[in-house]
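These are my notebook entries on a single structure. I set down what I looked up, one topic at a time.

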Amino acid sequence: MQKPDSLIFDMDGTLWDAVDTYTASWNLVFEELGIDIIVAREELTKMVGMEGRKFISIIMPDFDEEKREMIYNLVNEKRRAILPERGGVLYDGVKEGLKQLAEKYDLFILSNCAKGIIRLFIDWAGINEHIKDEMAHGVNFLPKSHNIKLLSDMHGLKSPVYIGDTEGDGLQSRMAGIPFVFVSYGFGQTGDYDLKFDDFKSLTTYFMGL
C-alpha cells in the first residue's frame, strides 16, 4: 500500500457507538405510531452500516415499501432531534487521534447513514476543524464505492484509504479501487483488509509514522 494523502473514515463502529440513541429513535417512533415493534440494541448492532432500504426491510418485513419509507423518514427526524443531546460513545483515542492526523492528512467521513447525521456527529464530538468534508448515503442513496469516488474527484485525492469496521466496508473499498483499513473494535468482522488495528491509538501512531 502506497503512502496515502487522505483518510476516509466510516462513522458508526469506527469513530463512535451511537446504537443506544439509534435504538431509541426507532422505539420512540414505533410507540408514537402505536406499532407493536420493539427494536433491541443487539438486533440493531448487527445491521449497523447497511444501506437504508435493506435495513428497513429487515426491521419492518410485514410493511410495504411505502410505509417502510414513511416510518424510516420519521425515525431519521427523531434521530436528528435527539442525537445532539443523547450523542453516543466516542471510541478511545478518536478525538485526540483525529487532531493529530489532520496535521498530516485530509480527513473525511463517509457513512451509510441518513442525510444530516454526520454533521450532527461532527458537532457533538467537537471535531469540525479536523474534517475536510463528509458524505452520507442519504444524500444520493448510492453505495459507498460511488461516494468514495465522488469525494476523491471533488477533492482531487490521489491515494485515499477507507477505514471501517465491516466486511461491507472492505468490499466497497475494493470496488472503489482503494485500500481498506479494518478496525476490529467495531461492529463487524472480516479477514479481507490491507491493514488492521485493534484500537484507534494504534491506527493514529501508524499513520503519523508514515
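The entries below go through the sheet, a helix packed on it, the salt bridges and a few single residues.

**Entry 1: the sheet**

I noted at the outset that the model is predicted. I then looked up the strand order and found an open sheet of 6 strands, arranged S5-S4-S1-S6-S7-S8 with parallel pairing. Strand S5 (133-136) and strand S8 (195-197) are the edge strands, each pairing on one side only. I also took the twist: neighbouring strands of this sheet are turned by 20° against each other on average, direction ignored. As a reminder to myself, strands of a sheet pair through backbone hydrogen bonds, either parallel or antiparallel.

**Entry 2: strand S6 and its partners**

I followed S6 in both directions. Strand S1 (residues 6-9) runs parallel to strand S6 (residues 160-164), and 4 bridges join the two. Within this pairing I located isoleucine 8 opposite tyrosine 162, and phenylalanine 9 opposite isoleucine 163. Towards S7, S6 again runs parallel, with 3 bridges. There, glycine 164 has phenylalanine 182 as its bridge partner.

I next asked how many of the residues of S6 are buried. The count is 5 of 5, and the strand is mostly covered. Both faces contribute: Pro160, Tyr162 and Gly164 are buried on one side, and Val161 and Ile163 are buried on the other.

**Entry 3: helix H10 and the segment after it**

Which strands does H10 touch? I found that H10 packs on the sheet and touches S1, S6, strand S7 (180-183) and S8. The direction of H10 makes about 135° with that of S8.

I chose threonine 204, which lies in helix H10, for a closer look. Threonine 204 counts as buried because its relative accessible area is 4%, under the cut-off of 20%. Leaving out residues up to four places away in sequence, threonine 204 touches Gly97, Gln100 and Leu101.

Leucine 210 is placed in the segment after helix H10 (200-208). Its relative accessibility is 32%, so I recorded leucine 210 as partly exposed. Together with Met1 and Tyr206, Leu210 forms a nonpolar patch on the surface, with about 250 Å² of accessible area together.

**Entry 4: salt bridges**

I searched the whole structure and obtained 12 salt bridges. I wrote up several of the pairs.

Glutamate 69 pairs with arginine 53, and their closest N and O atoms are 3.7 Å apart. Because glutamate 69 lies in helix H4 (residues 65-86) and arginine 53 in helix H3 (residues 52-59), the pair ties together parts that are 16 residues apart in sequence. Glutamate 69 has 23% relative accessibility and therefore counts as partly exposed.

Arginine 119 and aspartate 123 meet through their side chains in a salt bridge, at 3.5 Å from N to O. The two are 4 residues apart in helix H6 (residues 117-125), so about one helical turn separates them. Arginine 119 is partly exposed, with a relative accessible area of 32%.

Lysine 144 forms a salt bridge with aspartate 169, with the closest N and O atoms 2.6 Å apart. Lysine 144 lies in helix H8 and aspartate 169 in helix H9 (residues 167-176), so this pair ties together parts that are 25 residues apart in sequence. Are these two residues buried or exposed? Lysine 144 is buried, and aspartate 169 is buried as well. I noted further that Asp10, Lys144 and Asp169 are linked in a network of salt bridges.

**Entry 5: leucine 33**

Leucine 33 lies in helix H1 (residues 19-33). I classed leucine 33 as partly exposed because its relative accessibility is 38%. Setting aside neighbours within four places in sequence, I found leucine 33 in contact with Ile71 and Leu74. I also took one long separation: the C-alpha atoms of leucine 33 and proline 143 are separated by 30 Å, the residues being 110 apart along the chain.

**Entry 6: a backbone angle**

Last, I checked phenylalanine 141, in the loop between helix H7 (137-140) and helix H8 (144-155). Its phi is near 60°, a positive value in a residue other than glycine. I flagged the angle because most residues other than glycine have a negative phi.

Notes: Residues are numbered from 1 along each chain as its sequence is written. This is a predicted model: local features need pLDDT of at least 70, side-chain atom pairs count only at pLDDT 80 or more; totals for chains, interfaces and linings use all residues. Side-chain values use heavy atoms; hydrogens and water are left out. Patches are made of residues with over 30% relative accessible area and no salt bridge: like charges are joined within 9 Å, nonpolar side chains (Val, Leu, Ile, Met, Phe, Trp, Tyr) within 5 Å. Accessible areas come from the Shrake-Rupley method with a 1.4 Å probe; for residues, only the protein chains shown count as cover. A salt bridge is a side-chain nitrogen of Lys or Arg within 4 Å of a carboxyl oxygen of Asp or Glu. Buried means under 20% relative accessible area, exposed over 50%, partly exposed in between (1.4 Å probe, protein chains only). Two strands pair if DSSP finds at least two bridges between them. Axes are lines fitted to C-alpha atoms, for helices over the stretch in contact, and angles run from 0 to 180 degrees between N-to-C directions. Contact means heavy atoms within 4.5 Å.
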